[in-house]
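Biologist: I am new to this structure. Please take me closely through one part, the metal site.

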Amino acid sequence: MRFDESYSGNVFIKSHSDYKESQAVIYGMPMDWTVSFRPGSRFGPARIREVSVGLEEYSPYLDRELDEVKYFDAGDIPLPFGNPQRSLDMIEEYVDQLLADGKFPLGMGGEHLVSWPVFKAMHKKYPDLAIIHMDAHTDLRTEYEGEPLSHSTPIRKAADLIGPENIFSFGIRSGMKEEFQWAKEVGLQIFKFDVHKPLCDVLPKLSGRPVYVTIDIDVLDPAHAPGTGTVDAGGITSKELLASIHEIARSNVKVVGADLVEVAPVYDHSEQTANTASKMIREMILGFVK
Ligand code: MN
Ligand code: MN
């Protein structure tokens, strides 16, 4: 008799057992060594997996079931504690391999800096990449307390790499005045406070483009997602985030990869953040992996 892992909580619910046959790969990036405030997101991916067994396999939004997509949960990348540069190098190499194997990468953080090496890998494969970024924070700093490797910098690094005009930030309500000014000067579009409405305007302009979607869970209001390191009042609802994921799924953009970061279970006493994140991951699988 073969033990069925797909409901064990060790892997994301209904994860396929064979890497080779899978279209998408879910992987964890358990790093939180550069956070500016409360650490703990290194435990995010494991908890999102564990609570995923509480999900239904069917999405009434998309009229699609998890059985219709083959995805493999590869577990967490074993990152070296306290060494951000080597951790980032390992993530980049890992995603390079996923892309070489033709897989759709679906990452779970971890702090938001883990998205930076993923952006690099994606950009190597898709030179005309655009990034859809949902977050409470601009993440446009060049450094934090003199440290260029910080979770407040990944979108600035991405802008320098792929061009600020190819980045679209939604739900933003926190950052330094200089960050907002810089974005305006260089043409990085920041849509403050809301996500769904401005997204509806932007998506037609990205039609046909390869797009990477990065979601920082703190884009949600702390009432919807208290389990994260840097909560920020005035955020969107989980209903709006779902609608935004579905809007992207139904658009003509070519989603080539995605991640969801910054879930920190230690502040998540009701587990509502992990549960919400796991539902978002389900909708991203069903909506983005064609
Ligand atoms: Mn962020
Ligand atoms: Mn944030």
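Modeller: Here is a walk around the metal site, with a short look at the pocket. This is a predicted model, where local features need pLDDT of at least 70, side-chain atom pairs count only at pLDDT 80 or more, and totals for chains, interfaces and linings use all residues. Residues are numbered from 1 along each chain as its sequence is written, chains are lettered from A and ligands numbered from 1 in the order in which they are written, and side-chain values use heavy atoms, with hydrogens and water left out.

Start at the manganese ion (ligand 2). Its donors come from Asp 135, His 137, Asp 216 and Asp 218, at 2.1 to 2.5 Å. His 137 binds through ND1. Asp 218 is listed twice, each time with OD. Donors here are N, O and S atoms within 2.8 Å of the metal (3.2 Å for Na, K and Ca); water is not among the atoms, so sites may look incomplete. Along the sequence, the donor residues follow the spacing D-x1-H-x78-D-x1-D.

The manganese ion (ligand 1) sits 3.3 Å from the manganese ion (ligand 2). Asp 135 coordinates both. Asp 135 and Asp 218 link distant parts of the chain, 83 residues apart. Both are buried (under 20% relative accessible area, 1.4 Å probe, protein chains only).

His 137 also belongs to the lining of the largest pocket. There, His 137 is among the residues nearest the centre, with Ser 36, Asp 139, Ser 152 and Thr 230. The lining has 19 residues in total.

Methods
Helices (H or I, at least four residues) and strands (E, at least two) are DSSP runs, numbered from the N terminus. Buried means under 20% relative accessible area, exposed over 50%, partly exposed in between (1.4 Å probe, protein chains only). On a 1 Å grid over the protein atoms alone, a cavity is a set of points where a 1.4 Å probe fits but cannot get out, and a pocket is an open set with protein on both sides within 12 Å along at least five of seven lines; lining residues have an atom within 4 Å of a point.
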